[in-house]
Amino acid sequence: MKRRNFLKASVMAATTLSASRIEGVSQTIFDNKRVFGANRFGLFWANLNSGQVVSVDSFEGDKFPNTMNYSLPDVVQNENRVLYPMVRKSYLKAKGPAKSELRGKDEFVRVSWDVALDLAAKALKENFDKYGSEAVYGECYWWGGSGKVSWGRTVAHRMLKVLGGYVEESGDYSTGAGLVIMPHVVGSSSVYDTPTKWRAIAKNAKNVVFWGTDPLVTGQISWVPPTHDGYLGLQELKKSDAKIYSVNVMVNETAKYFGSQNLIVRPNTDTAMAIAMCHYLYTNNLYDAEFIKKYTVGFNKFKDYFMGKNDGVEKNLEWASKICGLDVKSMADLATKLAKEPSTIIIGRALQRADHGELAFWSLVTLSAMLGHIGKEGLGFEYNLYYSNGATDKIAPALKGISTRISEKYDSVDNAPWRTTKNITIPSSRSIQALLNPGKEIDYDGVKIKLPHMRVAYMASGSMFTRHQNVNNAVKAWRKFDTVITAEPYWTSTAKLSDIVLPVAIEIERDDINQTAPTGEYIVANRPIIEPMGESRSDYWICHEICKRWGRGDVFSEGKTEKEWAKEFYEDAQAQAKNMGLNMPSFDEFWQVGYVQFKEDKKESEYYTRFADFRADPAKNRLGTPSGKIEIYSPVIAKFGYDDCPAHPAWIEPFEWLGSDIAKKYPIHVVSPHSRYRLHSQLNNSIIRNFAEVSGREPMLINPKTAEIRGIKTGDIVRVFNDRGEILAGALLTDLVQENVAIICEGAWYDPEIWGEKSLCQHGCVNVLTNDKGTSKLAQSNTAHTTLAQVEKFKGKILPIKAFSKPNIVQSL
């Protein structure tokens, strides 16, 4: 299509859309409405004029509303929205797989829903029928959308289970290493278990260490609508007489809020620091020998290690100082203080997103055990004070949600392949490795896993090329898929590199129901505040339509609409509430108002402390480990015989760090924490990115001394590069970051100079630089924080940002 005709068609489409959005003459500028809404950023009032969201007000029940939802008008009417079903031109022409190397280069063609769904259903069914579950990649990551009925991840999994099975991932990118190592150490995941309450910590702790964590930032969002009660706990802690420490690679938001005493360590060296503190406690008789004897096993094996019995290297503070860059006195003072006074260590998940990340978590549990505070009210260690967790629960029913389990009443349909076929499970973040090496065997938590041969992918609101490590490698591997189907509200990089793109309605455009976190205070109705943009449909509708094409529509839906599912879940909660002595309004009344509140605190959980029962009676309340105790040494892991994950906490040099030879070539350690202005990559396409970006790029925080020797000033566009790739970022000089470290938040949208090829990312997607290597043979999780690079002032031509632009679209073949 010629540019003039393309522009003409685009203008006509935009005009039609605008007219439909304001409903022609049915509404005027005087037609205003205020409607309740909820999403992963919080609860809010949406102000509508002429059927469009024009502004957002805070909801009175949200304890600390954040700035993210103020972008809602832009999020809804964003120029980046996928408005209509689209198929890549070569794929549509062939009516199936064709020229995967042209993904990112081909034009997209607008098609009808029937055409797009027929192609998607055909690709999924044919691949499953011919090759089985291993052919269908359907992980669909966690953070896209929300809801108990039409959450993209759950309904996609339900759809693919109706098909028969698919490739899924165990764990997640956030906590993959922790989820594997912690059951060996304490018998449960720890990272998702009920956390110790902030109120208990504020009441009892004289010292609180935030180790590699920033709950002021991570508390803004949640997997369900948050009411941000955890911030009340942080305020209560600040008012207490507790001494606050921060062990981190920088002075972060939480450290600034508390005015913490900051112990700044080299990235990826926390394990060495923790082990040396254990050595100091032991050699100075400051450790709790009685706790170690009564509640743990394997201490002597670990003691032999840190005393250097086997390798001749004593893991003392002097040894650790050379590794982590902290002075001996600071570490000794911290260890002494924690041992002599009631203390709590709040541990960040970032520590295990590194090479040998399992050992960082293990070493900090061991340090906590030697301190002896575990199980005392508000004391010990904690891994789950994120997403505003740690507040006092409400007395409330638990709202159920749609399941991936298929009802037995449909077992007569097509011989029920969902009963006879199993899913294929691979470790979190090993999908690209599977694409490149189908059939290869890898170690994982004591077993051998054969990587599947994946041929078709169904992606529901997840952005692979901002989430996954070594993006250039992922782009190359992506060609191995015959078909990529993406259900998505926006033209993300994943959508642009797909074959079939299905437009998804966001929370305020569809029916759903949810319950708030962290206390369960509200059950909320997600009603369509506005009409869906363009021809967007809910994930539930899309998956149901695909199942109908297999003749299994009722197997998926059980004959219910989304609102009928919501009503069923509400009435189940209503029955629970009645048994608890609580009254809830009828479903119709609830649906009209938009929410129901549960006001009464659950007093018995007000000072809940993890491991309190275990401490009170370890025989009666055994942990889930083989010994029933905290395992400082694991005989199970010892039998695995892994060379990169020994049977006790140990310091193993990462594959690259500031103490390695490669640092001579790449002397900057790049760390990628969460941004305070988005949820991973969500909202990066909205106006809110202007709060953070520097010179139109993702900011890079860098120490003034590190910048000076490179001639870099605040506002400069810089090139950050290593052997894996290169990105542009906007320099921001600050003393909050130590020398030779750069902070580039994860989640910036991928914007390559040449789509589909290894090329310069113009916008600053940090995963272009990271390495796609597993943490160890134990967990095989991601190592995003183990990244070295070089930084220089960019001297090339500065191109416009295209990350948020739509691809080239034509109206027909």
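Modeller: Two strands count as a pair if DSSP finds at least two bridges between them. Please keep in mind that this is a predicted model.

Colleague: Thanks! Over how many bridges do strand S9 and S10 pair?
Modeller: Strand S9 covers residues 243–248. Its pairing with S10 runs in the parallel sense, and the number of bridges is four.

Colleague: Which residue in S10 is the bridge partner of Tyr245?
Modeller: S9 spans residues 243–248, and Tyr245 falls in that stretch. S10 spans 261–264. The bridge partner of Tyr245 there is Gln261.

Colleague: Which strands are at the edges of the open sheet of five strands?
Modeller: The strand order in this open sheet is S10-S9-S8-S12-S13, with parallel pairing. An edge strand here pairs on one side only. That description fits strand S10 (261–264) and strand S13 (380–382).

Colleague: What is the average twist from one strand to the next there?
Modeller: We are still with the five strands ordered S10-S9-S8-S12-S13. Going from one strand to the next, the twist averages 20 degrees.

Colleague: Which helix lies across S8, S9, S10 and S12?
Modeller: Two of these strands are S8 (207–211) and S12 (343–347). The helix crossing them runs at about 130 degrees to S8 and is made of residues 328–340. Its name is helix H15.

Colleague: Now the open sheet of three strands: why is one side of S20 and of S22 left without a neighbour?
Modeller: The order is S20-S21-S22, with antiparallel pairing. Strand S20 (512–515) and strand S22 (595–597) are left with one free side in the sheet because each stands at an edge and has a single partner strand.

Colleague: In S21, which residue is the bridge partner of Gln515?
Modeller: S20 and strand S21 (residues 522–526) pair in the antiparallel sense, over four bridges. Gln515 has its bridge partner in S21, and that residue is Ile523.

Colleague: Which helix packs on this sheet?
Modeller: The helix touches S20, S21 and S22, and its direction makes about 30 degrees with that of S20. It consists of residues 562–579 and is helix H24.

Colleague: Let's turn to cavities. How much space lies in the largest cavity?
Modeller: Searching the whole structure gives six cavities of 30 Å³ or more. For the largest cavity, the space comes to about 850 Å³.

Colleague: Which residues lie nearest the centre of the largest cavity?
Modeller: The lining has 49 residues. By class these are 18 nonpolar, 23 polar and eight charged. Nearest the centre lie Trp143, Leu679, His680, Ser681 and Gln682.

Colleague: Which elements give two or more residues to the lining of the second largest cavity?
Modeller: This cavity has a volume of about 70 Å³. Its lining includes Phe41, Gly42, Leu43, Phe44, Val56, Asp57 and Ser58. The elements that give two or more residues are strand S2 (42–49) and strand S3 (52–58).

Colleague: What does UniProt list for residues 81–549, and how far apart are the end C-alpha atoms?
Modeller: An unreviewed UniProt entry lists this stretch as "domain: Molybdopterin oxidoreductase". Over these residues the chain is 38% helix and 16% strand, and the end C-alpha atoms are apart by 26 Å.

Colleague: How far apart are the end C-alpha atoms over residues 669–787?
Modeller: UniProt, in an unreviewed entry, gives this range as "domain: Molybdopterin dinucleotide-binding". The chain here is 4% helix and 21% strand, and the distance between the end C-alpha atoms is 6 Å.

Terms used
Residues are numbered from 1 along each chain as its sequence is written. This is a predicted model: local features need pLDDT of at least 70, side-chain atom pairs count only at pLDDT 80 or more; totals for chains, interfaces and linings use all residues. Side-chain values use heavy atoms; hydrogens and water are left out. On a 1 Å grid over the protein atoms alone, a cavity is a set of points where a 1.4 Å probe fits but cannot get out, and a pocket is an open set with protein on both sides within 12 Å along at least five of seven lines; lining residues have an atom within 4 Å of a point. Grid points are joined across faces, edges and corners, and a volume is the space filled by probe spheres set on the points. Ala, Val, Leu, Ile, Met, Phe, Trp, Tyr, Cys and Pro count as nonpolar, Asp, Glu, Lys and Arg as charged, and the others, Gly among them, as polar. UniProt positions are given in the numbering used here, feature names are shortened, and annotations may be inferred rather than shown by experiment. Axes are lines fitted to C-alpha atoms, for helices over the stretch in contact, and angles run from 0 to 180 degrees between N-to-C directions. Contact means heavy atoms within 4.5 Å.
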